[in-house]
Amino acid sequence: VPAAAAPAETERPLLIGHRGAAGTAPENTVPAFRDARAAGADYLEVDVQLSADGVPFLFHDDTPARTTDVEEVFPGREDDPVTSFTWAELQRLDAGSAFGERWAGERIPHLDDAAEVATVNTGVYIEIKSPRNSPGIEQVVAGALAEDPRWARLLEAGKVTVIGFDEASNRTFAGLAPDVPLQQLSGTVPDAATLARWSQVVDSVGTNYRALDAADVDRTRAAGLDLGVYTVNSPEAVRHVLDLGVDMVTGDFPVQTDRLLDGL
Ligand code: G3P
Ligand code: CA
């Protein structure tokens, strides 16, 4: 009688701190990156845009209103595109107080600040955010990755992935940096034909976990793509995505999520 097959090994998905660790520190700031690193996250995720003078800075929204003191520093410019500010202007903004007084004075980081905090254990997911607002950003990010020794060290360790919602931008980036792992973001998982097209350019898909079902997972895998989910913040959500068998989990509270993933 053949021995019973061993239960399939459950592999722990990779853990990615969303905007660093947006649940415990101001999003896309150095303290949030440090929180992700301290949590032992596999990656910290950042959103990169280009300032009016071409500097890559880390910021999520299209405007500075929600997360900075722009109203006080540049009255009347709170609804202007954040990419219309120069790097020097962005450095005058406080990106910490809106989250809590404890973080008052925290500055908007440069892209390279993420590499400075990252390690070969906690790498960086770089989201090219709203690329239409930042023409040429693919070249700037590819250039930073190619030229800066801090990025080179992380790339060598396989700890940098570039991600983005904009398919054309992803294609541009892939042409410039074909060896950098790339992920297509999408609110939902599309049909097989679209996945097949994406698979020519990217290695994985990142999607919202809320709409995800087993058929989506199967279709993604059939296209040869890995699958990540965002933004997973509750024990129920963690259980749901573990049941579906995803490869990466992005969340705002990496410490808590790390414990939940350990409870497998
Ligand atoms: O990990 C993907 C996620 O960061 C995309 O959503 O809006 O937080 O950039 P958003
Ligand atoms: Ca993001």
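The following legends describe views of a predicted model of one protein chain.

**View 1. The whole chain contains 11 helices and nine strands.** The radius of gyration is 19 Å, close to the 18 Å given by the globule rule for 264 residues, so the chain is as compact as a globular protein of that length. The C-alpha trace spans about 75 × 40 × 35 Å along its principal axes. Of the contacts between residues at least 6 apart in sequence, 56% join residues at least 24 apart.

**View 2. The surface of the chain exposes about 11800 Å².** Carbon and sulfur atoms supply 50% of this exposed area. Of the 264 residues, 52% count as buried. The chain carries 21 positive and 43 negative side chains. The centres of these two sets lie 2 Å apart.

**View 3. The largest nonpolar core has 51 residues.** Val124, Ile126, Val141, Leu145, Trp151 and Phe173 have the most contacts inside this core. Helix H5, residues 137-147, gives the most to the core, with five residues. A second, separate core has 10 residues, including Phe57, Phe74, Val82 and Leu90.

**View 4. Val124 is among the residues with the most contacts inside the largest nonpolar core.** Neighbours within four places in sequence are left aside here. Earlier in the sequence, the contacts of Val124 are with Tyr43, Leu44, Val46, Ala114 and Ala118. Later in the sequence, Val124 is in contact with Trp151, Leu154, Lys159, Val160 and Thr161. Trp151 is also listed among the residues with the most contacts inside the core.

**View 5. Tyr209 sits in the loop between strand S7 (204-208) and helix H9 (214-222).** Tyr209 has 11% relative accessibility and therefore counts as buried, the limit being under 20%. Tyr230 is 21 residues away from Tyr209 in sequence, and their C-alpha atoms are 5.9 Å apart in space. Beyond the neighbours within four places in sequence, Tyr209 is in contact with Tyr230 and also with Val229, Thr231, Val232, Ala237, His240 and Val241.

**View 6. Arg221 lies in helix H9.** Its relative accessible area is 34%, so Arg221 is partly exposed. Arg221 and Val205 are 16 residues apart along the chain, with 9.9 Å between their C-alpha atoms. With neighbours within four places in sequence left aside, the contacts of Arg221 are Asp226, Leu227, Gly245, Val246 and Asp247.

Technical notes:
Residues are numbered from 1 along each chain as its sequence is written. Chains are lettered from A and ligands numbered from 1 in the order in which they are written. This is a predicted model: local features need pLDDT of at least 70, side-chain atom pairs count only at pLDDT 80 or more; totals for chains, interfaces and linings use all residues. Side-chain values use heavy atoms; hydrogens and water are left out. Helices (H or I, at least four residues) and strands (E, at least two) are DSSP runs, numbered from the N terminus. The radius of gyration is taken over C-alpha atoms; the globule rule is 2.2 Å times the number of residues to the power 0.38. Buried means under 20% relative accessible area, exposed over 50%, partly exposed in between (1.4 Å probe, protein chains only). Contact means heavy atoms within 4.5 Å. Accessible areas come from the Shrake-Rupley method with a 1.4 Å probe; for residues, only the protein chains shown count as cover. Lys and Arg count as positive and Asp and Glu as negative; His and the chain ends are not counted. The place of a charge is taken as NZ of Lys, CZ of Arg, CG of Asp or CD of Glu. A nonpolar core is a set of buried Ala, Val, Leu, Ile, Met, Phe, Trp, Tyr and Cys residues joined through side-chain atoms within 4.5 Å.
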